[in-house]
Amino acid sequence: MTLIVKEKQNLNKILDYLNNLSIPYKVNSTKELYLLDIEDTKNLLDEKILLSFEGVIYMTPLLDKPFLWSRKTKNEDTIIPLNHYTIDSKHITIIAGPCSIENKEQLNTIAVQVKNIGAHILRAGAFKPRTSPYDFQGLGKEGLTLLEQCKKEYKLPIISEITDLSQLDLFVDHVDIIQVGARNMQNYELLKALSKINTPILLKRGMGCTIEELLFSAEYLLKGGNNNVILCERGIKTFENSTRYTLDLSAIPVLKKLTHLPIFVDPSHAVGDWQYVESMSLAAIAAGADGLMIEVHHTPLCAKSDGLQSLNIQHFHQLMQKCKKIAQAVGKEIL
Ligand code: PEP
Ligand code: MN
């Protein structure tokens, strides 16, 4: 980390502080300014304390440190291998499926249709984090079994959301990607446990979380050894209430610049209304997203959760056609 400090007496106070903590440093000086390079390899420093010293006029931004998610550590885009498909930045990956698994017939009907239309991965929730405890909570373990049957029958990789550490055994070796929902982005014990497995993780941005906080949550996964991490923008809370959340499209180029991890976008939960899903999907691809996660239901108005924001089969088909054109326009392909 680099600091620029004004005046010798200010510099000396900082050097005393560093010497007390036995942190190595180098000082270069110009006529009036001191350039202090600190080698805090053991992470002993609190940046806020350093900044509070008098005379500090610049400090390397926190995100410039060589975190595991950072392009400073690894510049090439991360590639995530699944059983019959690979997620990379040259292709747009489409995840589609119902919000929740309701029964075998519903799941199979949707799976066949989205596969035929070209979705690469099937999504469906078995454990549902619902705002109201009176709303449908998902089929739990039974739902995951139905999803796994679907994966085998239709040869579609599957993704489902884990809501608690106690479910880990049900997910490992059964789903291809484990989703960490917006509400659990900062469940650090869950992240630590998921860092110890190799199953790819799709980490959703919390609705009240900054890009920096999202990246630090990803760091928990990477630090423990799980390199298969996908980040997903899914809308944040703002004062605007004409959509369910506000899709932060600018997070896409910001994240693509900072990190080598794949960036996905879930427009369905962001806008909360199927009518806006298409435009936000196309915008997300145009802005550089590597993939989309779309809620699709064969009878959206009868869905047990998030029907209003789910595309029907015909609308999903239309969306795929348009996505292909936008993908091509930005030099990518949809297989
Ligand atoms: C979901 O994808 O089913 C979901 C609950 O999303 P989020 O965590 O973004 O609200
Ligand atoms: Mn949903």
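Trainee: How far apart do the C-alpha centres of domain 1 and domain 2 lie?

Mentor: In this predicted model, the two C-alpha centres are separated by 43 Å. Domain 1 covers 2-60 and domain 2 covers 80-329.

Trainee: Why is Leu165 called partly exposed?

Mentor: Its relative accessible area is 40%. Buried requires under 20% and exposed over 50%, so a value of 40% makes Leu165 partly exposed.

Trainee: Where is Leu165, and which residues does Leu165 contact beyond its neighbours in sequence?

Mentor: Leu165 sits in the loop that joins β9 (158-162) to α5 (168-171). Setting aside residues within four places in sequence, Leu165 is in contact with Glu189, Leu190 and Ala193. Between Leu165 and Glu189 the C-alpha separation is 7.9 Å, although 24 residues separate them along the chain.

Trainee: What makes Cys99, His269, Glu295 and Asp306 donors of the manganese ion (ligand 2)?

Mentor: The atoms concerned are SG of Cys99, NE2 of His269, OE of Glu295 and OD of Asp306, and they lie 2.0 to 2.3 Å from the ion. The cut-off for this metal is 2.8 Å for N, O and S atoms, so these atoms count as donors. Water is not among the atoms, so the site may look incomplete.

Trainee: How are the donor residues spaced in sequence?

Mentor: The pattern is C-x169-H-x25-E-x10-D. Cys99 is in the loop between β7 (93-97) and α3 (104-117), and His269 is in helix α9 (residues 267-271), so this pair ties together parts 170 residues apart in sequence. Both Cys99 and His269 are buried.

Trainee: Which residues have the most contacts inside the largest nonpolar core?

Mentor: They are Leu122, Leu194, Leu203, Leu231 and Phe316, in a core of 72 residues. Phe316 touches Ile94, Ala96, Val114, Ile117, Ala119, Ile294, Val296 and Leu311, with residues up to four places away in sequence not counted. A second, separate core has 17 residues, including Met1, Ile38, Leu50 and Val56.

Trainee: Which residues make the contact between helix α6 and helix α7?

Mentor: From α6 come Tyr188, Leu191, Lys192, Leu194 and Ser195, and from α7 Ser217, Tyr220 and Leu221. These divide into 5 nonpolar, 2 polar and 1 charged. The axes of α6 (residues 188-195) and α7 (residues 211-223) come within 7 Å and cross at roughly 40°.

How values were computed. Residues are numbered from 1 along each chain as its sequence is written. Chains are lettered from A and ligands numbered from 1 in the order in which they are written. This is a predicted model: local features need pLDDT of at least 70, side-chain atom pairs count only at pLDDT 80 or more; totals for chains, interfaces and linings use all residues. Side-chain values use heavy atoms; hydrogens and water are left out. Axes are lines fitted to C-alpha atoms, for helices over the stretch in contact, and angles run from 0 to 180 degrees between N-to-C directions. Helices (H or I, at least four residues) and strands (E, at least two) are DSSP runs, numbered from the N terminus. Contact means heavy atoms within 4.5 Å. Ala, Val, Leu, Ile, Met, Phe, Trp, Tyr, Cys and Pro count as nonpolar, Asp, Glu, Lys and Arg as charged, and the others, Gly among them, as polar. Domain bounds come from an automatic or database domain assignment. A nonpolar core is a set of buried Ala, Val, Leu, Ile, Met, Phe, Trp, Tyr and Cys residues joined through side-chain atoms within 4.5 Å. Buried means under 20% relative accessible area, exposed over 50%, partly exposed in between (1.4 Å probe, protein chains only). Donors are N, O and S atoms within 2.8 Å of the metal (3.2 Å for Na, K and Ca); water is not among the atoms, so sites may look incomplete.
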